[in-house]
Amino acid sequence: MATTPCRILPSVVSPSLVRKLLSVGALILIGCGGPGSGTVVRFGAAGPWNEAYGAMNRRGMELAFDQIKGRPDYANHPIEIDWQNDEADGQKAATIARLFVTDPTVVAVIGHVNSGTEVAAAKVYDAGHLVSVATTATSPALTGISPWVFRVISSDSMNGLQMAHFAGTQLGKHRAAVLYENNAYGRGLADAFRRNFNGTILSFDPIAEGAQNFEPYVSYLKAENPDLVFVAGTDASGIAFVKEFRRQQLTATLLGGDGWTGLSVDTAAAEGIYVGAPFSAEAPDPGVQKFVQEFRAKYGLTPDGNAALGYDATNLLYYALTKVGPDRTKIRDFLAGLDESSAWKGVTGNIHFGASGDPIGKSVVMTVIHKGALKVVEGAQ
Amino acid sequence: MKFSLRDLGTIRGRLWGGFGVLVLLLVIAGAVSRSSMVTLANTMSSTLTSVQDESRLASQLSGAVAQTIEAGAQYLEGRDTASERVFREQGWTAHSIQRQMNDRSGQTAEEIGVLAAIDTKLSDLEVKYALAHRLADLGRGADAHAQAAKARAVVDPLLSNINRLAQLKSQKVTAASAELASETKHRATLMLGLIGLALIIGVGVVVLTVGSVGRPLDALVTQAERLSRGDLTARTTAAMPGEFRILADAMNRTGDSLSRIVSAAARTAENVSSSAHQLSSVSEEIAVSASHMANAMSEVSHGAETQVLQIRNVDETLTRVRNTSSEVKARADEVQSLAAEIEHSASDKRIEIEHALGILADVKTSVEQAASEVAALTSAAADITRFVQAVSQIAEQTNLLALNAAIEAARAGDAGRGFAVVADEVRKLAEQSQKAAQDVVQMTGLVTMRVTTSARAMESGASRVVEIERLSRDIDEALRVITAAASRTKAAASGVSAAAETTVGAATSAAGSLDTISKTAENHAAAAQEVNASTQEQSAACEEMTSASNVLLNESNQLRELVGGLKT
């Protein structure tokens, strides 16, 4: 592959630089070729590292990267990671995507983490022909968005459907109230749940991201008296909600999506809450348990779905790199070519993709929080 | 077609050059205008489509947002489920439109920013109104109103964002229009420039052409008029464009040529006049000669016909000769074959005779041998006779002796008796010997006689053999003569046959020749008749020529006068 001169961009992007880059977005697309021989090969990694779920994503990726560096064949396929914080912001994500696309040493991207950022960045990866493997972006809007965009987590439409069935058949609930964070993730998951729930939806209310005052809603729910409350949001708002819910002593069953996997940290309040998680550290699979132990050894924490998916996305891309070499197109073709028999085995399950870029056969694991841990609900599917 | 700078010296070159540039400019102008049209049409079409889509989405977005705000406020007053539904549905619609707009290509950073802000503010508004609704549901009117006030606080910034988006879209339309207008103006200017240039070049070409045609044309017209008045000294030497220079040169050369021709014509007219005179008299003479010739040819024609008749008689005779010769040949061939047969059988006979002669020679030799043996036998017989006579004398003597012995025995008495018997026996033996000797003589005589007879017969036979041999040789000689004669006859017959054949060939050939001669003679006759006719025509033509030469004489006289009037 020919080496062509290319502008070297700083790996740290300040907000002012982001704005400048936006205005000269077209310019940085000029004059760049593929990665030259002998140059260092990198994976881009992007997510909201400052958020709790973003940090867990990154921990999973870093653990995978540490293990990769320890492998005997690392010398044959050395790799570095270019960490970029997209702050869960679509515009920042698009800017970072352009940065990755124009950097010839970047052969693939781990992330993004959020649905909104991945949707915004997908257009850039599509035009720039660079593979992006989203970790926890679950929005249905991502399905089939580009042949260059994959994700290791199942879509919200799949997750919402699965949780609606679980609520109806497993839990036997038929009067549900729904709260959702008013963003792409919340709306997508809540909508999927609403459309698939076999019963009455008593209310369907938006809440702010990271909202803290839930007194009026909990009071309202108490009056409505649903037998199930489904919340499509993150633990940022979830903890406040659950606390208020306990304070007012509501009896309805609580069910949350993958955004609630971090809720288990509040051991007392979270006890008995059902969570549709992409991963359970309690799963008996030896591969999962090995990962959980290694993760605990490194961070002193129990890995959640964020960590597990970040870990899987990193390892999957490195696996592709060792198979086809540092070539963007070959890596994409390799990922697209995985099928049921050649599926890659990760800690979140076997991974291969449909034409839409969504994983085939993956779904959430129905868990219940018990003593601060996500316990797999037996017989749930 | 090759075109060089040198060609610009000619009107054709200037016209080609001028019109070439003109056509090129017009083609360029056409291509530019067409490409402009196409580009503008495409740009306009895509710009208009894009603008339409964006305007539609923007108005849908603003409508959805407006309805959300309205329904949000309305629910607080009436708490009707319809308003609740409209509030939620329109909010979702607005989010979906916002996503669609965000997904469109060609969004500026500001547009994306404004869209993001609209989404955030709308989400905020929804959250706040939703909370207000629940507070109202709980019957906490004051809290609901406070919360609604917070929601309303978001409305103005949201609407201002929507207005900003509309403004941006409108600016985009204006910018696109301005760009289109500027592009159109630019293309129009370019086209006008090209067309103007083409016009200037066209006018220049016309002016140059008119100028370069007019002046030389005047000079040439003047020269032509002078020539038409008989002034052959008129010449044009002024400088002029290529084609007129060629024309002027041609007219100048024409003047030169005319001068030379007129001088020559004057001389020729004189010559023609005198020649015509001579011609007239010669023509008359020829006419007379032709008349004579016509008569002569008439006779020739008659003679030729007679000749044809005679030749046909000869032809018949020749045919007869040919037939006879054919018969002769046939007979000669027969003789030839007969002679060959004779020759053949004579040769055979001669061979037989040769053989007989050989046998005769053998016989002759045998006879001669027999004769000599007979002679030897005869002499042997004579010897025998003499020997037998000797034996006979001996026997006679013996007999006498026996008688003497017997007498003596008888005297000796008995003692002699035995002797007497022997003497008797000897006498008897002597008598038998004598008798045998006489038989031998007799036999020998008989043999000798017979041998003699045989010898005579042999002599006679030998002489006959000689005679036969002589006869045979005569026959052989005769046969040889016959063979030679037959051979000669054959040769002669062959000669006759060949001669006859030659005669036939000659006769045939002669007949062919005669035919040819006959035809030739007929042709001669016909030709003679034609010549006769021609001669008569010639005679008539001569007469015409005579009158024509008289006309020529008159004309040449007139010409001489005419040429004399031209100025050279």
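**Exercise 1. Is A88(A) buried or exposed?**

Bear in mind as you go that this is a predicted model. Start by finding the residue: A88(A) sits in the loop between β2 (80-85) and α3 of chain A. Next, count its surroundings, where 20 or more other C-beta atoms within 10 Å make a residue buried. A88(A) has 22 other C-beta atoms within 10 Å, so A88(A) is buried. One more thing to spot on the backbone: phi of A88(A) is near 60°, a positive value in a residue other than glycine.

**Exercise 2. Work out the exposure class of R79(B).**

Go to the loop between α1 (11-78) and α2 (81-103) of chain B, which is where R79(B) lies. Check its phi: the value is positive, about 50°, although R79(B) is not a glycine. Then count again. R79(B) has 13 other C-beta atoms within 10 Å, so it is partly exposed.

**Exercise 3. Place E294(A) and find out how far it is from L63(A) in sequence and in space.**

First, the element: E294(A) belongs to helix α10 (residues 286-299) of chain A. Second, the exposure: E294(A) counts as partly exposed because it has 16 C-beta neighbours inside 10 Å. Third, the distance: 231 residues separate E294(A) from L63(A) in sequence, yet C-alpha to C-alpha they are 8.2 Å apart.

**Exercise 4. Which residues does a cis peptide bond join in chain A?**

Look for an omega of about 5°, and you land on the bond between G111(A) and H112(A). H112(A) itself is in the loop between β3 (106-110) and α4 (115-128) of chain A.

**Exercise 5. Describe how α3(B) and α4(B) pack.**

Begin with the overall layout of the chain: chain B has six helices and zero strands. Now take helix α3 (residues 109-137) and helix α4 (residues 141-228) of chain B, whose axes are 8 Å apart and meet at an angle of about 160°. Angles over 145 degrees count as roughly antiparallel, and therefore α3(B) is roughly antiparallel to α4(B). For the handedness, α3(B) passes α4(B) in a left-handed crossing. Last, sort the contact by class: 21 nonpolar, three polar and eight charged residues.

To put the helices in context, 15% of the 568 residues of chain B count as buried. Among chain B contacts between residues at least 6 apart in sequence, 83% join residues at least 24 apart.

**Exercise 6. Which residues touch the most other members of the largest nonpolar core?**

The core has 139 residues, and the ones to pick out are A97(A), V109(A), Y125(A), V133(A), F193(A), F230(A) and L317(A). Then ask which element gives the most to this core: that's α3(B), with 12 residues. Apart from this core lies another, of eight residues, including A402(B) and A437(B).

Zoom in on Y125(A). Setting aside neighbours within four places in sequence, its contacts include A97(A), V109(A), L130(A) and W148(A).

**Exercise 7. Break down the contact between the chains.**

Chain A puts in 18 residues and chain B 16. On the chain A side, the elements that give two or more residues are α1 (15-23), α3 (90-102), β7 (200-207) and α7 (215-224). Of these, α7(A) gives the most, with five residues. Sorted by class, that side of chain A has 10 nonpolar, six polar and two charged residues.

Definitions and conventions. Residues numbered from 1 in each chain as written. Chains lettered and ligands numbered in written order. Predicted model: local features only at pLDDT ≥ 70, side-chain atom pairs only at ≥ 80, totals over all residues. Contact = placed C-beta atoms within 7 Å. Helix = DSSP H or I, 4+ residues; strand = E, 2+ residues; numbered from the N terminus. Nonpolar A, V, L, I, M, F, W, Y, C, P; charged D, E, K, R; others polar. Axes fitted to C-alpha atoms, helices over the stretch in contact; angles between N-to-C directions. Parallel < 35°, antiparallel > 145°, perpendicular 65-115°, else oblique. Left-handed = near helix turned anticlockwise from the far one by under 90°. Core = buried A, V, L, I, M, F, W, Y, C linked by C-beta atoms within 7 Å. Buried ≥ 20, exposed ≤ 12 C-beta atoms within 10 Å, placed from the backbone.
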